[in-house]
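Subject: Structure handover

Hello,

Here is the structure I said I would pass on. My notes on what turned up follow below it.

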Amino acid sequence: MKTHDQSTHEQAARAATAGHEAAVTVTTQGLPDWLDPVARAARTIRPRQLSAFLPPESGTGRQSAVLVLFGEGERGPELLLMERSGSLRSHAGQPSFPGGALDPGDGDQATTGPLRAALREAQEETGLDPSGVQLFGVLPRLYIPVSGFVVTPVLGWWRSPSPVGVVDPGETARVFTVPVADLTDPANRATAVHPRGHRGPAFLVESALVWGFTAGVIDRILHFAGWELPWDTSRQVPLDWRA
């Protein structure tokens, strides 16, 4: 893919950390052309366009971040996902983006804290080398009512891919990539229906059913990047009470 000769946009997101760690930067400089629509969407999308579940105005909720990492594989653009261990207390067995709660060492939760947390958690869960990741955008914070997490989706470009896999089986059951072409394929799309009545987008890819928060973010990225193809929203996939 072609890359830009110069930056089209750069966000000011730098901060020195304790010790000798490098500053965290969010920049679109050098992104492949195919990521331009995602970068543009990140700059303009509003919270309500992403989800109806937004952080409580009271400020409650556990601050966390996920890494929405785009790479380029044998079949073109792809996303990195993982399957959570079935023994976890929350969201057990669900496919998800790498991520987790902010630690005090991650820094300011309103600025660079989510950036550091997304990279740190991805490294801890998948073995990813953060030095090969270029952060290029941050989406509005969202809320997961069932677990009380306030989540910041951090967008990354896997500029220099590194080996990934399960680091701790107690946390992660599987690490895998999904071609964007499979995510946009109407044959792989459906509406997940929870027994409690909640409905949301779902993707049947890589022997996994991606639903919930992760599927919602993917769905909105595909839509606002202009990658979405018409699909049968009446096709339903039922979830059980354990979901």
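How many helices and strands does the secondary structure of the chain come to? There are five helices and 14 strands. Please keep in mind that this is a predicted model.

Overall figures

The chain has 243 residues, and 50% of them count as buried. Its accessible surface is about 11,900 Å², with 50% of that belonging to carbon and sulfur atoms. Among contacts in the chain with a separation of 6 or more, 67% are between residues 24 or more positions apart.

The four-stranded sheet

One open sheet has four strands in the order β13-β12-β11-β14, and its pairing is mixed. β13 and β14 (residues 236-238) are the edge strands; each has a single partner strand, so one side of each has no neighbour in the sheet. Ignoring direction, neighbouring strands here are turned by 40° against each other on average.

Helix α5 packs on this sheet and touches β11 (189-193), β12 and β13. The direction of α5 makes about 85° with that of β12.

Within the sheet, β12 and β13 are antiparallel and pair over three bridges. Val205 is placed opposite Ala208, a residue of β13.

The loop between β12 and β13

Which residues of this loop are worth a look? Glu206 lies in the loop between β12 (199-205) and β13 (208-210), and Ser207 is placed in that loop as well. Most residues other than glycine have a negative phi. Glu206, however, has a positive phi, near 50°. Ser207 is not a glycine either, and its phi is positive at about 60°.

How exposed are these two residues? Glu206 has a relative accessibility of 34%, so it counts as partly exposed, the range for that class being 20% to 50%. Ser207 is at 80% and therefore counts as exposed, since the cut-off for exposed is over 50%.

Helix α1

Which residues of helix α1 (residues 36-44) are buried? They are Asp36, Pro37, Val38, Ala39, Ala41 and Ala42. The cover over these buried residues includes three strands, β3 (62-73), β7 (133-138) and β9 (149-158), along with helix α5 (212-224). Helix α5 therefore appears twice in these notes: it is part of the cover of α1, and it packs on the sheet described above.

Regards

Conventions
Residues numbered from 1 in each chain as written. Predicted model: local features only at pLDDT ≥ 70, side-chain atom pairs only at ≥ 80, totals over all residues. Heavy atoms only, no water. Buried < 20%, exposed > 50% of the residue type's maximum accessible area, 1.4 Å probe, protein only. Helix = DSSP H or I, 4+ residues; strand = E, 2+ residues; numbered from the N terminus. Contact = heavy atoms within 4.5 Å. Areas by Shrake-Rupley, 256 points an atom, 1.4 Å probe, with all protein chains shown as cover. Pairing = 2+ DSSP bridges. Axes fitted to C-alpha atoms, helices over the stretch in contact; angles between N-to-C directions.
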